[in-house]
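Me: I want to learn how to read packing, pairing and charge contacts in a protein model. Can we go through one together?

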Amino acid sequence: MNVLGIDIGYSNLKIAFGSPDSGVRTALRPAGAAPADRFGSRFDGKAQSDFLHVLVGDQPFVAGVSSDRAEMWQRSLHADYSSSDSYKALFHAGLLLSEMSDIDVLVTGLPVSQFQNEDRRKELEKQFSGVHQITPKRKVNVKAVKVIAQPVGGLLDYMHQQDENPGSGVLQIDDEARVLVVDPGFFSLDWVLVSKGQLQRQSSGTSLNASSVLLEQAAKYIGEDHGAIPTTETMENAVRSGKSSILLMGQRVEIKPYIDKASKVLASVTADSIQKSLRVESTSPDIVVLVGGGAEFFKQTITEAFPRLKVVTPTEPVFSNARGFWLMGACS
């Protein structure tokens with residue numbers, strides 16, 4: 001059985017793929033996608049080796065690159081992202097990266113606020129199902145699609161890692177546990193409360209004070225000290241590649257102090273939103289699971305917001321949702 005877990009984010013495309021027998025593999029690409037004619041050639045005439053060439057309808061697209069590589073093309077930072085051509089191109093790029101022609105089960109996720117809309121879930125299931133012409137010579141058949149609340153994937157991944165490494169001293173998550181899962185993405189930060197194995201919708205939600213806003217604020221702080229404001233994409237690319245500094249006006253600028261400063265201001269606002277949503281609950285969560293690519297930006301503030309709880313993070317949290325999606329598909 002071929003299973004694909006695909007997490008199409010605003011900043012990164014993450015996939016987890018493979019059969020339950022052979023095990024899971026992962027892949028990560030930047031979530032930039034635009035028509036092929038919006039990309040120029042290299043100054044040295046060499047081929048752009050990092051491009052993924054796909055089709056959206058009959059139109060050639062390039063996907064899986066930094067969003068600032070395209071000329072005269074605006075990245076999609078809005079709630080209707082899943083209806084955009086860039087999203088469709090990234091979906092086809094994910095199918096291409098999976099190296100599969102037939103996918104028995106595909107699992108993906110939606111932000112909590114969108115997942116609660118049944119029409120949106122059904123629309124995405126229909127969009128992902130069936131035969132997809134992803135390149136002129138390649139088709140992929142997706143037989144079944146499941147859509148879940150995005151942070152649930154991260155919880156499944158953490159629970160699987162816990163099962164694989166028992167005796168860590170951290171509370172073992174089971175059906176009795178009340179688990180708060182926090183998933184900081186690029187466009188939105190989502191959280192869900194899972195109690196006795198069930199999603200508590202009234203205590204789950206979405207905030208737009210996510211990684212993109214944090215990086216924008218950090219860039220403004222850099223501008224105050226260094227006379228020029230770097231683009232959000234410059235900051236994003238540095239974080240994605242693990243670089244500690246950026247080149248600005250001919251000088252290297254360390255970015256961590258500015259990200260930490262922005263995190264203290266913005267993450268606390270998000271923590272307040274989470275705490276307010278939990279007021280309807282008579283009992284506090286037992287543990288907080290922090291997942292997603294923005295986990296490092298928000299860990300200190302989330303820990304301070306819930307000082308009596310253990311805040312845990314799976315290994316390689318950027319892949320946590322995609323791996324959890326795969327686990328759900330593999331168990332179906």
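Reply: We take helices, then strands, then salt bridges. Keep in mind that this is a predicted model.

Me: Start with helices. What describes two packed helices?

Reply: Two values do: the angle between the axes and the distance between the axes. Take α5, residues 211-226, and α6, residues 232-241. Their axes lie 9 Å apart and make an angle of about 110 degrees. That makes α5 roughly perpendicular to α6, because angles of 65 to 115 degrees fall in that class.

Me: Which residues of α5 and α6 meet?

Reply: From α5 come S212, L215, E216, A218, A219 and I222. From α6 come T232, M235, E236 and V239. Sorted by class, this contact holds six nonpolar residues, two polar ones and two charged ones.

Me: Now strands. How many strands form the open sheet, and in what order?

Reply: Five strands, ordered β14-β13-β12-β17-β18. The pairing in this sheet is mixed. Its edges are β14 (198-207) and β18 (310-312), and each of these pairs on one side only. On average, neighbouring strands of the sheet are turned by 20 degrees against each other, with direction ignored.

Me: In what sense do β17 and β18 pair, parallel or antiparallel?

Reply: Parallel, over three bridges, with β17 covering residues 287-290. For a residue-level view, find V289: V312 in β18 stands opposite.

Me: And what about side chains along a strand?

Reply: In a regular strand they alternate between the two faces of the sheet. Bear that in mind while stepping along any strand on screen.

Me: Where can I compare two kinds of pairing around one strand?

Reply: Look at β10, residues 138-142. Strand β7, residues 102-103, runs parallel to β10 and is joined to it by two bridges. There, I103 has V142 of β10 as its bridge partner. Strand β9, residues 130-135, pairs with β10 in the antiparallel sense over five bridges.

Me: How many residues does the hairpin from β9 to β10 pass through?

Reply: Two residues. As for facing positions in this pair, T135 stands opposite R138 in β10.

Me: On to charges. How many salt bridges does a search of the whole structure find?

Reply: Ten. Let me show three of them, one at a time.

Me: Where is there a salt bridge inside a helix?

Reply: In helix α7, residues 256-277, which holds both K256 and D260. Their side chains meet in a salt bridge at 2.7 Å, N to O. The two residues are four apart in sequence, about one turn of the helix. K256 counts as exposed because its relative accessibility is 54%. D260, at 32%, counts as partly exposed.

Me: What does R38 pair with?

Reply: D37, with the closest N and O atoms 3.4 Å apart. D37 is at 62% relative accessibility, so D37 counts as exposed. R38 is at 27%, so R38 counts as partly exposed.

Me: Is R323 buried or exposed?

Reply: Buried, because its relative accessible area is 11% and the cut-off for buried is under 20%. R323 forms a salt bridge with E316, and the closest N and O atoms are 3.4 Å apart.

Me: Which residues are linked with R323 in a network of salt bridges?

Reply: D157 and E316. So read a salt bridge in three steps: find the partners, check the N to O distance, then look for a network.

Key: Residues numbered from 1 in each chain as written. Predicted model: local features only at pLDDT ≥ 70, side-chain atom pairs only at ≥ 80, totals over all residues. Heavy atoms only, no water. Axes fitted to C-alpha atoms, helices over the stretch in contact; angles between N-to-C directions. Parallel < 35°, antiparallel > 145°, perpendicular 65-115°, else oblique. Contact = heavy atoms within 4.5 Å. Nonpolar A, V, L, I, M, F, W, Y, C, P; charged D, E, K, R; others polar. Pairing = 2+ DSSP bridges. Salt bridge = Lys/Arg side-chain N within 4 Å of Asp/Glu carboxyl O. Buried < 20%, exposed > 50% of the residue type's maximum accessible area, 1.4 Å probe, protein only.
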